[in-house]
Amino acid sequence: HVHKLDPTRVIDHASGWHDQGAGLVRSLHVYFKKYSYRPDDMGRAVLLSEFGGFSHRVKGHSRSEHTFGYKVFDMPEELALALKALYRDEIAPAKKRGLSAAVYTQLSDVEDELNGLLTYDRQVVKIHTEKMKEITDVVK
């Protein structure tokens, strides 16, 4: 049992895959449907270990011409509005009901996945820090 080796570490045994009741958290990846918090039947902390995945291509800053993302936005303003709605309508209410953590996917574009907040080459910030702070402050 891994937890016996180091009881100070949180164990997420399946990070979003089919929960088998192991580990210290119920870890969820939610992309295709609206998220609504539900407590874990076993009393474990519930976290969104991945959510969002909104894509925006910045011309000249992608690895390839392929685009992968769960929702695609042509303009950075559209991306920012969608993220604002996601945090306001899903993440903030879930936190108030008991959600322990939420991890946006993802920090930077990775190969064909254009759902990062930074481009693949790390040259362009798709949503500037001030705007992102405004978006995420709703969760406080």
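How many nonpolar, polar and charged residues are in the lining of the largest cavity? The lining has 2 nonpolar, 4 polar and 2 charged residues. This comes from a predicted model, and the report below covers its cavity, its sheet and one loop.

**Cavity**

The count comes to 1 cavity of 30 Å³ or more. The volume of the largest cavity is about 30 Å³. Its lining includes the run D12, H13, A14, S15, G16 and W17. D19 and S27 also line the largest cavity. S27 has a second role in this picture: strand β1 spans 25-30.

**Sheet**

The sheet is open and has 3 strands. Their order is β1-β2-β5, and the pairing is parallel. Strands β1 (25-30) and β5 (101-105) form the edges, each pairing on one side only. On average, neighbouring strands of this sheet are turned by 15° against each other, direction ignored.

Strand β2 covers residues 45-52. It runs parallel to β5, and 4 bridges join the two. L47 is part of this pairing: its bridge partner in β5 is A101. Helix α2, residues 76-97, packs on the sheet. The helix touches β2 and β5. Its direction makes about 160° with that of β2.

**The loop between β5 and α3**

Strand β5 ends at T105. The peptide bond from T105 to Q106 is cis, with omega near 0°. Q106 already lies in the loop between β5 and α3, and α3 covers 129-136.

The same loop holds E111 and R122. Each has a positive phi, in a residue other than glycine. The table lists the backbone angles.

| Site | Angle | Value |
|---|---|---|
| T105 to Q106 | omega | near 0° |
| E111 | phi | near 50° |
| R122 | phi | near 65° |

Is E111 buried, partly exposed or exposed? E111 counts as partly exposed, because its relative accessibility is 43%. The partly exposed class lies between the cut-offs of 20% and 50%.

**Summary**

Three places stand out for a look at the model. One is the cavity lined by D12 and S27, among others. Another is the parallel pairing of β2 with β5, where α2 packs on the sheet and touches both strands. The third is the loop after β5, with the cis bond from T105 to Q106, the positive phi of E111 and the positive phi of R122.

Note on methods. Residues are numbered from 1 along each chain as its sequence is written. This is a predicted model: local features need pLDDT of at least 70, side-chain atom pairs count only at pLDDT 80 or more; totals for chains, interfaces and linings use all residues. Side-chain values use heavy atoms; hydrogens and water are left out. Two strands pair if DSSP finds at least two bridges between them. Axes are lines fitted to C-alpha atoms, for helices over the stretch in contact, and angles run from 0 to 180 degrees between N-to-C directions. Contact means heavy atoms within 4.5 Å. On a 1 Å grid over the protein atoms alone, a cavity is a set of points where a 1.4 Å probe fits but cannot get out, and a pocket is an open set with protein on both sides within 12 Å along at least five of seven lines; lining residues have an atom within 4 Å of a point. Grid points are joined across faces, edges and corners, and a volume is the space filled by probe spheres set on the points. Ala, Val, Leu, Ile, Met, Phe, Trp, Tyr, Cys and Pro count as nonpolar, Asp, Glu, Lys and Arg as charged, and the others, Gly among them, as polar. Buried means under 20% relative accessible area, exposed over 50%, partly exposed in between (1.4 Å probe, protein chains only).
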